[in-house]
Every structure is written in C-alpha cells, then in structure tokens.
Amino acid sequence: MFGSVVRFIKRWLPGRDEVRHPGRFARQSVAMLRREYQGKPLEEAHVDPEPILQFEAWFEEATRVIRDDPNAMILSTVDEQDGPSARTVLLKGFSEEGFIFYTNYDSRKGHQIRGNPRVALTFHWPDLMRQVCIEGVAGKTSAEQSDTYFQSRPAGSRISAVASPQSRVVASRRELEDRARDLEEKYRDLDDIPRPDHWGGYLVRPERIEFWQGRVNRLHDRICYTRKPQGGWEFRRLAP
Ligand SMILES: Cc1cc2nc3c(=O)[nH]c(=O)nc-3n(C[C@H](O)[C@H](O)[C@H](O)COP(=O)(O)O)c2cc1C
C-alpha cells in the first residue's frame with residue numbers, strides 16, 4: 001500500500017532531470033498529446049457544389065469561432081530544385097477568381113513563385129477541427145488592387161513594408177529601426193507613402209480544394225474538389 005502511494009507520488013512529481021531540463025519533459029510527453037475529434041459531419045449531400053461557396057460558409061464560421069487570425073494560412077512554395085518551403089501569410093480576399101494575400105515580391109517566396117507559380121495554401125482551424133487545403137497557380141494582382149490594399153494599411157505597416165528588404169540578411173534590428181525612422185521623417189504626411197513596386201498581392205487560382213473535418217475515432221471526412229478541364233468543379237470523398 002505504502003509502496004504504491006510512493007509510486008503514485010513519484011509519477012506526478014517532476015524528476016531531477018525534468019527540473020534541470022524542463023524541455024525534456026515536453027519531448028517525452030509529446031506522443032501523449034491526443035484529443036478526440038468530434039466535428040459535424042461533412043456529407044456529399046450537404047456540401048455546396050461550388051467550392052468557393054463551401055469555403056465561404058466554413059470561413060464565415062471560422063471568423064465567428066476562431067479568436068485570432070482565422071485568415072492565417074500556410075503558403076507552400078518550391079524552389080528551382082523542387083525544394084519545398086512554407087510560411088504563414090494572411091488571406092486578404094477571396095472570390096470565384098481565387099485567394100489573395102500580400103507580400104514582398106522580392107522575398108524568398110516571391111522569387112520561388114516567379115520560378116514556379118504552383119503553390120499550396122493550408123488553413124487549420126483547431127477549434128472547429130477543420131482543415132482546408134488549396135492547390136493552385138499564383139499570379140500578381142493588378143497594380144491598382146495592390147495600391148488600394150496598401151493604402152488601406154495602417155501607416156506603421158506601410159512604413160515597415162517599405163523599410164524591410166524581406167528575407168534578406170540584415171546586420172541588426174537597429175538597422176531596420178533606423179530605416180523605418182528615416183522613412184517616417186521623409187513622409188511626414190503619412191498619406192503620401194507610395195507602395196513600392198516590389199510589394200503587392202498574389203491571387204492563387206485554385207485547381208484543387210480539399211475540406212477536412214475531424215470525426216470520431218479518426219474516421220474523418222474529406223471532400224476534395226477538382227477543377228474540370230471543360231470548366232466547373234467535381235467533388236469526391238477521400239479516405240481519411
Ligand atoms: C500570423 C502570421 C501572419 C503573417 N502574414 C504575412 C503576410 O500576410 N504577408 C507576408 O509577407 N508575411 C506574413 N507573415 C510572415 C511570413 O510568415 C514570413 O516570415 C515572411 O513572409 C517571409 O517569408 P519568406 O522569407 O519565405 O518569403 C506572417 C507571419 C505570421 C506568423
């Protein structure tokens with residue numbers, strides 16, 4: 001009896017190693033992170049035949065349920081050797097035409113898109129147990145559209161976009177802050193900050209859109225839309 005009480009206490013007290021290296025405890029327990037998914041069913045009979053309308057319905061729900069950044073998505077690109085890379089960007093618009101984000105065209109992702117415009121976008125909305133995976137082709141938005149969005153951003157964000165040579169090595173944070181301060185002095189009238197040519201939007205025209213809904217016992221729902229060569233979309237259920 002006494003032995004089992006001691007064993008019980010020892011199990012829950014951190015060991016000496018765990019106190020000295022708290023990260024090691026996380027390393028050992030990562031496989032234990034597990035939850036049951038019990039999302040709403042995603043059924044062929046109830047999805048919209050138009051994937052953008054299906055996305056709109058899910059996105060609208062995400063904006064109500066996800067507290068921060070429901071529009072955050074992972075943008076995946078490939079380089080000239082087909083090496084993949086991925087990072088988060090914010091969705092800033094969508095329509096039947098596709099999905100829009102804004103960035104620096106001279107960034108690492110910008111160079112990769114220039115070399116190969118095929119990209120993937122991934123949304124993960126944990127509170128809804130949902131994922132949306134989009135594959136398509138990225139092209140620059142019009143200069144007018146980029147101007148309109150750029151001018152809608154807060155002054156500080158516009159200054160930073162001009163000041164930051166995104167993805168390049170910089171000597172120090174100080175260098176960036178000095179550059180931003182110089183620009184603030186140059187553009188005393190903040191309405192005059194012009195959009196640099198190397199900053200603007202991309203529209204990703206989708207070819208494939210997959211909706212994933214977490215379900216009980218990992219028997220999830222996946223509905224995948226593909227664009228038909230003659231126009232329009234077809235959808236199929238995929239095994240989880
Ligand atoms: C929540 C979040 C939102 C972001 N949104 C954008 C964005 O809309 N545009 C952008 O260029 N970078 C955004 N970033 C920064 C990118 O993830 C990335 O660091 C940057 O674009 C440089 O990527 P690259 O060097 O691969 O080109 C965001 C990062 C996070 C974490």
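Here are three short exercises on the structure above, each with a worked solution.

This is a predicted model, where local features need pLDDT of at least 70, side-chain atom pairs count only at pLDDT 80 or more, and totals for chains, interfaces and linings use all residues. Residues are numbered from 1 along each chain as its sequence is written.

**Exercise 1.** Work out which residues come nearest to the ligand, and which element gives the largest share of the shell.

*Solution.* Start with the shell: 16 residues surround the ligand, and R87, T103, S107, K109 and S167 come nearest. (A residue is near a molecule if its C-beta atom, placed from the backbone, lies within 6 Å of it.) Next, look for elements giving two or more residues: these are β2 (84-90), β4 (98-104) and α5 (108-115). Helices here are DSSP runs of H or I with at least four residues, and strands are E runs with at least two, numbered from the N terminus. Finally, pick the top contributor: β2, with 5 residues.

**Exercise 2.** Trace how β6 pairs with β5 and with β7.

*Solution.* Strands pair if DSSP finds at least two bridges between them. First, β5 (residues 118-125) runs antiparallel to β6 (residues 130-140) over 8 bridges, with R118 opposite V137. Then check the hairpin: 4 residues sit between these strands, and M129 has a positive phi near 55°. Now turn to β7 (residues 199-213), antiparallel to β6 over 11 bridges; here A138 has V204 as its bridge partner.

**Exercise 3.** Find how far apart the C-alpha centres of domain 1 and domain 2 lie.

*Solution.* Take the bounds, which come from an automatic or database domain assignment: domain 1 is 1-34 and domain 2 is 35-237. Their C-alpha centres are 41 Å apart.
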